[in-house]
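Biologist: I've got this one open on my screen and I'd like a close look at a single part of it. Could you pick out one helix, go through it properly, and then tell me how the rest of the chain looks around it?

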Amino acid sequence: MISNTHSAHLIFSTRLKSACLWLLLSCFSLSAYASSNLPDLGGTAMSTLTPEKEKVLGDVLMRQAKGSLPMVFDPLLDEYINALGNRLVANANDVRFPFRFYWVDNRNINAFATLGGHVASHTGTLAISDSESEFASVMAHEIAHVTQRHIARFVEAQSQRAPLTLAGLLGAIVLATVNPEAGMAAMIATQGASQQASINFTRSNEQEADRVGMQILADAGFDPHAVPEFFRKLSERSRFMNQQLAFLQTHPLSQARVSDTRLRAERFPKRFVPDSQDYTLAKARVLARYQHKNEDVVAIFQQRLRQPGGNTKANQYGLAIAYLDSNNYTEAETLILELLEKDEYNLYYLDVYTDVLLGQNRATEALEMLEHHYRIRPNNQVVTLNYANAAIKAGGNRLAIHLLKDMLHYKEDNILAYDLIAKAYQNLEDYARFYEARSDFHYQLANYPRAIDDLQEALNHLSSSDKLENRRLEAKRRQMQAEFDRLRRM
């Protein structure tokens with residue numbers, strides 16, 4: 001949808017190390033914004049981090065991460081991981097705030113949680129999993145770290161040992177979970193070499209997250225035996241690598257821990273839990289777009305289809321994506337129409353078919369198809385974003401703006417919606433609203449200088465006679481500038 005090849009997704013492809021380092025250096029300002037709303041937070045890490053403070057800090061930190069890490073903004077994958085994650089959260093105890101789940105474009109196996117119920121998985125974790133229970137076990141483990149307040153207690157404990165800033169500590173935690181080597185270096189700079197050994201969680205916290213996470217997994221209807229099975233797989237993979245897997249660096253896996261999870265799993269009956277169709281299709285999407293080199297994907301899925309038992313809908317779907325992304329629209333259309341014939345309301349298939357039609361300059365056909373689906377599911381982000389994108393391609397920019405504004409009422413942080421609405425205004429040569437939409441886009445990524453500059457540009461494109469709009473945008477710019485000034489003063 002956003003690019004010529006990838007439908008309805010956006011990747012910030014900044015190199016991971018430099019991006020994470022930028023996150024670490026600028027995190028102080030964002031924590032300052034949180035502190036301006038929490039008078040007792042202070043300029044350094046606090047001895048007591050209440051759930052309310054934790055949520056505010058976590059929200060600010062993830063806004064910053066969206067503009068710094070190579071996040072994947074794909075509505076299909078977003079809906080899958082949040083549906084799975086919230087199914088697990090619904091079976092967890094001590095949930096203090098809503099959870100939000102994200103993807104990081106990284107082929108390595110890893111996942112991390114940070115303050116306030118924000119949990120992220122590398123795309124590589126889904127790609128390497130052999131069952132939905134395995135992938136869910138990783139998510140359940142990270143959820144347990146949050147519900148047991150391991151991160152919050154770690155922040156509190158470290159703040160009592162050294163006069164470190166909370167922002168520096170949070171930046172190091174996130175950096176370490178994504179890039180352990182760089183994270184350790186950041187921790188040394190933040191706390192001193194004596195503290196680097198315990199950057200993520202203590203051994204007891206990991207064991208507690210295993211125990212609580214396994215119970216969450218079982219209560220949510222997944223197979224608890226997937227936990228030791230996943231650990232076994234990680235151990236075997238690590239044995240043949242020169243460098244330890246990222247997951248094992250941030251989640252140390254001792255033999256005692258492996259044995260403990262195996263014994264704990266034996267307390268639960270072995271159950272067969274079939275993978276959901278959403279899992280198989282989400283995994284195929286990740287394999288096709290994030291795990292392999294573009295030039296190899298067609299051959300990989302052709303080979304998968306030829307293997308015994310490999311002629312599955314997921315592999316057909318993956319091959320359709322591979323054809324689409326290599327601009328082979330004819331083959332992609334043949335495959336996706338076969339799938340749609342058996343499952344006409346499947347959003348994964350509709351998404352690819354939309355891009356096939358748009359790639360062949362058949363925007364009117366796409367628009368007619370999506371109008372029907374929008375009437376059935378008006379609040380679905382996959383349908384709405386595809387419909388708005390098709391409308392823009394067909395010249396229906398005002399329709400797109402209407403659709404996207406409605407969507408932003410219930411999903412105000414959707415990066416893709418702001419990007420598309422800016423394109424629609426640009427096509428209409430309504431540059432005041434174009435720059436305002438771009439400002440909103442950059443604000444969602446906590447890029448205050450760009451957001452403020454864009455608002456000034458919006459004001460420059462208004463006529464002096466449009467007094468109401470001038471006052472509204474000027475008030476918005478001043479409010480944003482004041483917020484940014486508070487950030488820089490802290």
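Modeller: Sure, and let me set the scene before zooming in. This is a predicted model, and of the contacts in the protein with a separation of 6 or more, 66% are between residues 24 or more positions apart. The secondary structure adds up to 24 helices and five strands. Of the 490 residues in the protein, 58% are buried. The accessible surface is about 20,800 Å², with carbon and sulfur atoms holding 48% of that.

Now for the helix: let's take α3, which runs over residues 75–89. From its first C-alpha to its last, α3 reaches 20 Å, close to the 21 Å expected for its 15 residues at 1.5 Å a residue. Look at where α3 begins and you'll find D74, with a side-chain oxygen that gets to within 3.0 Å of the backbone nitrogen of L76.

How covered is α3? Mostly: eleven of its 15 residues are buried. At the beginning of the list come P75, L76, L77 and D78, followed by Y80, I81 and N82, and then L84, G85, L88 and V89. So L76, the residue whose backbone nitrogen D74 reaches, is itself under the 20% relative accessible area that counts as buried. As a general point, an α-helix has 3.6 residues a turn, so residues three or four places apart point the same way.

Moving away from α3, there's the largest pocket, with about 450 Å³ of space in it. Three elements give two or more residues each to its lining: α2 (51–66), β3 (100–104) and α22 (431–444). The biggest share comes from α2, with six residues. The lining has 17 residues in total, and those nearest the pocket centre are D59, R63, E412, D413 and Q444.

One more spot is worth a click, this time in a loop. D343 sits between α16 (329–342) and α17 (347–359). Is D343 buried or exposed? It counts as partly exposed, because its relative accessibility is 23%, and the cut-off for buried is under 20%. The D343 side chain makes a polar contact with the side chain of N346, at 3.1 Å. Leaving out residues up to four places away in sequence, D343 touches Q277 and Y349.

Notes: Residues numbered from 1 in each chain as written. Predicted model: local features only at pLDDT ≥ 70, side-chain atom pairs only at ≥ 80, totals over all residues. Heavy atoms only, no water. Helix = DSSP H or I, 4+ residues; strand = E, 2+ residues; numbered from the N terminus. Expected span 1.5 Å × (residues − 1). Buried < 20%, exposed > 50% of the residue type's maximum accessible area, 1.4 Å probe, protein only. Polar contact = N/O pair within 3.5 Å; in protein donor to acceptor, adjacent residues only side chain to side chain. Contact = heavy atoms within 4.5 Å. Areas by Shrake-Rupley, 256 points an atom, 1.4 Å probe, with all protein chains shown as cover. 1 Å grid on protein atoms, 1.4 Å probe; cavity = no way out; pocket = protein on both sides within 12 Å on 5 of 7 lines; lining within 4 Å. Points joined across faces, edges and corners; volume = space filled by probe spheres on them.
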